[in-house]
Structures are given as structure tokens and as C-alpha cells.
Amino acid sequence: MPSQYVKFQNKMNKDIYLTNSFGSKKEKFVPINKNKIGMYVCGPTVYDNPHIGNARPLIVFDILYKLLKCKFGEKNVTYVRNITDIDDKIIKSSIEKKISTNKLTEDITKIFHKDCNYLICEKPTYEPKATENISLMIEMISKLVQNGHAYLNNQHVYFEVKKFKDYGKLSNKNLEDLIAGSRVEVSENKKNPEDFVLWKPSKENEPSWDSPWGKGRPGWHLECSVMSKKYLGDKFDIHGGGRDLIFPHHENEIAQSRCANENETFANYWVHNGFITMSNEKMAKSQGNILKISELRNKLNGQVLRLALISAHYKQALDWNDKLINESQNTINKWYECYVELKKKFLIPEEILSPLYDDLNTPGYIANLHSLFDKAQKGDLKNKQTFVAACNFIGLLNESKNKWDSYKKNKAEISEKEILEKIKERNEARDNKNYKHADKIRDELLHKGISIEDKDGKTTWKFK
């Protein structure tokens with residue numbers, strides 16, 4: 001695919017600005033070391049097939065990854081996205097499905113990777129699994145116990161939240177408000193309701209590892225602290241994820257990481273994407289409105305889904321509906337009219353990329369693509385190359401025109417023979433001045449993915 005071979009090495013003079021959830025304001029991105037940019041994004045908990053709500057951060061941070069490489073150089077950016085393969089949800093799901101946790105996590109991880117390919121996302125630099133880093137988790141817990149920020153009770157180890165004075169600063173809420181507005185695990189083993197688990201004993205037949213506190217497994221929040229430290233160090237540039245992770249997950253990450261590493265910072269920039277909604281309600285299992293990515297693979301091209309998910313700014317909620325999908329489908333159909341194959345490196349003008357430097361303004365970038373398309377339509381090869389390169393940069397027009405036309409043909413709900421028969425029937429209706437029936441046939445064809453055009457006494461058709 002073209003996007004795999006085109007390299008973008010622009011030397012941009014513009015600065016990148018990002019909305020930092022820590023302080024809730026847009027800030028100039030100033031890296032710790034411009035030759036060693038670090039970004040950590042919370043990946044999936046592999047207990048069930050990912051849904052389109054999970055697809056949004058995949059695409060948002062894929063674009064940010066591309067942008068950082070464009071600004072600072074491909075070799076100077078490290079992108080870490082973890083896989084949580086041990087968790088209460090995983091254990092519960094494996095019991096319900098009557099398979100081992102290993103079998104479940106392997107199967108769901110494979111589906112997740114297929115989803116990533118379908119969504120045209122680049123692979124991160126590292127994709128660590130929680131179960132591969134248990135010894136490092138035990139090491140961090142031991143340090144928290146030793147320095148007085150964690151305590152042991154009945155084979156459980158808890159982080160004592162009141163020992164960390166900055167708890168709640170990411171959420172910009174005090175401790176009482178955070179507890180009141182969230183579901184906090186209730187346990188008689190805790191000193192305080194707000195304390196969270198670092199290590200817990202495993203039940204019989206559950207996955208377990210040896211530790212100073214007995215056989216057990218780590219708490220979910222701890223896993224990301226350990227894996228980010230392993231690959232990016234005690235402090236790094238950007239930590240990303242969905243808004244739902246701000247509390248308690250990211251708040252807890254900050255607390256345990258700063259206390260274990262004994263420093264004043266963890267991640268300098270916290271970037272969170274908004275929710276996907278359906279009928280303006282957050283997509284969630286409890287709402288019964290989950291739409292899995294794997295269910296869309298045979299219905300929609302990944303480019304359509306990708307364009308739909310970046311049509312709104314990443315901070316905003318995005319409502320999922322048929323109109324959004326149809327508009328995205330029609331846009332890409334139109335853009336493919338100016339497709340040309342790129343066979344060498346092609347730089348994108350700075351003014352085209354400019355909206356992405358301003359807090360990943362994808363709607364602004366899409367507006368630039370529309371303008372580029374209008375220029376490309378005039379037939380100039382260089383304009384077409386610029387347009388296709390700019391689309392490639394955000395993961396669009398990444399396959400040949402022939403493949404796209406084949407996709408449209410397969411998507412259409414009617415054969416070529418039936419199309420020609422319908423056109424013949426329509427022409428006869430027009431000859432008989434039965435325009436109402438002719439219009440009805442046009443609408444039927446359009447509904448089945450076929451557009452027709454009357455020109456110079458002939459009727460032509462194409463997949464829309």
C-alpha cells in the first residue's frame with residue numbers, strides 16, 4: 001500500500017500545541033529531549049472484541065505519532081502501547097466462555113491486531129504485555145511498601161492515597177468529590193475507601209505469580225506505571241488515552257509512579273480523547289449499544305471508519321450514526337477520482353499540515369484536503385501527488401484505485417446485469433414521459449450504491 005512506502009520528513013518550523021488535561025489548557029509541546037520523544041498510550045484489556053469506542057484512541061494517537069515523527073524525525077520518537085492480559089475482567093470472561101485466560105487473551109489480541117490493520121494504524125515502537133513484566137511490578141510494589149506509601153493487609157497490598165498530597169490534580173477535583181462520583185472498590189482490607197490495590201491474592205485455578213506477599217496478581221493501575229517506566233523512564237513526554245481513564249486509572253498511575261520513582265513529574269502532557277456516543281449516549285456495555293470493530297470489517301472499508309472517527313476534534317464527543325458513515329463514504333469515493341500512485345518520497349507543504357500542529361485539528365486538516373482535491377481536479381500531476389500524499393499522511397487513499405473500486409463493487413447490492421436492465425427500464429420510462437417512474441429507478445439504484453449520469457444522450461453509471 002502507498003502509505004507504507006511514503007516517508008514524511010518535513011522540517012517544520014511550527015510548534016506543536018496539545019491540550020494538556022493536567023491543567024485543562026492548550027500548551028506548546030516542549031519535549032524533555034527533542035532527540036528522544038516518549039509517548040505512552042493505554043492499550044486494550046483483552047477480555048472481549050474491541051468496539052468503535054476503542055478505535056478512536058487508536059486513530060487519534062496514530063496521527064499524533066505520525067506528526068511527532070514528522071516534526072522530530074522517525075528515529076527520535078518512541079511510541080509504547082501496552083496490552084493488559086491479566087485483569088479481573090479477563091478472568092470473569094474466561095470463566096463465562098469456559099476457556100483458559102491464556103487462550104482468551106491470545107484470541108482477543110489477534111483480533112485487536114486485525115482491527116489495527118483494518119484501521120490502517122502503524123505499529124507502535126513497543127507493545128508490552130502485562131504478564132511479561134510481573135517481576136518489575138513486584139519490584140515497584142516493594143519500593144512503595146518500603147517508603148511507606150503502601151501497606152500489606154491479608155495478602156493484599158494497597159496504595160495509601162492520603163500519603164500522596166497531589167492526588168486529584170489531573171482530575172482537578174478533591175478526594176471527596178472523586179470518591180463520591182465514582183465506583184470505588186469496597187474492601188474490609190483497606191485502611192481508607194480511596195486506597196487502591198497494587199497486589200491481590202489469586203483464587204484457586206486463577207493465574208498467579210509468586211511474590212513476597214504470597215501467590216497473586218498485580219492491580220490494573222500498576223501495570224501501566226511499570227511498563228511506561230521500562231521503556232520510557234521515570235518521566236516522559238506524553239501519556240494518552242480515553243477520557244474515561246482520567247480517574248481512577250491515570251490518577252492512580254501518577255500517584256504510584258511519582259512515589260515509587262521519588263520525583264515531581266511522571267508524564268508532562270496528558271492527552272485524552274472524547275467519547276463515542278450513539279443517540280448522544282456514551283457507548284458502553286451497560287447501555288447495550290456496543291458496536292464491535294470486527295463486525296464492521298465486512299461492511300465498511302477501514303478508510304471510511306477512519307475518516308468518520310477524525311471528522312470531529314479528538315477532544316469532542318462524536319455521535320455515531322448512518323449520516324456520518326455515508327458522508328465519509330461519499331467523501332472518499334470523490335477523493336479517489338484524483339488518485340495517483342506515489343512511487344517516491346513526497347513532502348507535504350507546511351501550510352497543509354498546519355492544522356494538525358494546532359492540537360491535532362483533524363477537521364481543519366480535512367478542510368485542507370477538500371481544497372487540495374479541488375486543485376487536483378484540474379488535472380495537474382503535482383497537485384494530485386500533493387493531494388494523495390496529504391491523504392496518505394493520515395491513513396487515507398492507502399490502497400490503489402482498483403482495490404477501492406473492487407470494494408465498492410462488492411459493497412453494491414446489485415449486479416452489473418441488473419444495473420443495465422434498470423437503466424434500460426428507466427430510459428424507456430423517460431421516452432414515455434413517465435418521469436416519476438424514471439426518478440424512482442434512479443433512487444433505487446442510488447440506494448444500492450450506484451449513481452447514474454445522463455450526458456450527450458447516453459446514460460453512464462458508477463459505484464458511488
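**Exercise 1. Place Lys 235 in the fold.**

Lys 235 counts as partly exposed, at 45% relative accessibility; buried means under 20% relative accessible area, exposed over 50%, and partly exposed in between, with a 1.4 Å probe and protein chains only. The model is a predicted one, in which local features need pLDDT of at least 70, side-chain atom pairs count only at pLDDT 80 or more, and totals for chains, interfaces and linings use all residues. Residues are numbered from 1 along each chain as its sequence is written, and side-chain values use heavy atoms, with hydrogens and water left out.

Task: state where Lys 235 lies and which residues it contacts, leaving aside neighbours within four places in sequence.

Step 1. Find the element. Lys 235 sits in the loop between helix H7 (220-232) and strand S9 (236-242). Helices (H or I, at least four residues) and strands (E, at least two) are DSSP runs, numbered from the N terminus.

Step 2. List the contacts, meaning heavy atoms within 4.5 Å. Beyond the neighbours within four places, Lys 235 is in contact with Ile 32, Thr 265 and Phe 266.

Step 3. Check a pair far apart in sequence. Gly 38 is 197 residues from Lys 235 along the chain, and their C-alpha atoms are separated by 9.0 Å.

**Exercise 2. Describe the packing of helix H12.**

Task: name the buried residues of H12 and the elements they pack against.

Step 1. H12 covers residues 350-357, and its buried residues are Ile 352, Leu 353, Pro 355, Leu 356 and Tyr 357.

Step 2. These buried residues pack against strand S1 (17-20) and against helices H2 (52-72), H13 (362-376) and H14 (381-393).

Step 3. Look at one contact partner. Tyr 365 touches Ile 352, Leu 353, Pro 355 and Leu 356, and its other contacts include Ile 348 and Phe 393, not counting residues up to four places away in sequence.

Step 4. Look past the end of the helix. Just after H12, Asp 359 has a positive phi of about 60 degrees.

**Exercise 3. Find the nonpolar cores.**

Task: give the number of residues in the largest nonpolar core and the helix with the largest share of it.

Step 1. A nonpolar core is a set of buried Ala, Val, Leu, Ile, Met, Phe, Trp, Tyr and Cys residues joined through side-chain atoms within 4.5 Å. In soluble globular proteins, nonpolar side chains tend to be buried together.

Step 2. The largest core has 78 residues, and Leu 68, Trp 320, Tyr 365 and Phe 387 have the most contacts inside it. H2 gives the largest share of this core, 13 residues.

Step 3. Another core, apart from this one, has 41 residues, among them Ala 130, Ala 150, Leu 245 and Ala 260.

**Exercise 4. Examine two salt bridges.**

Task: say where the partners of Lys 103 and Glu 160 lie.

Step 1. A salt bridge is a side-chain nitrogen of Lys or Arg within 4 Å of a carboxyl oxygen of Asp or Glu. By this rule there are 29 salt bridges.

Step 2. Lys 103 pairs with Asp 107, with the closest N and O atoms 3.4 Å apart. The two are separated by about one helical turn because they are four residues apart in helix H4 (residues 101-118). Lys 103 is partly exposed at 41%, and Asp 107 is partly exposed at 26%.

Step 3. Glu 160 and Lys 191 form a salt bridge at 3.6 Å, N to O. Glu 160 is in the loop between strand S6 (156-159) and helix H6 (175-180), and Lys 191 is in the loop between H6 and strand S7 (196-201), so the pair ties together parts 31 residues apart in sequence. Glu 160 is buried at 11%, whereas Lys 191 is exposed at 52%.
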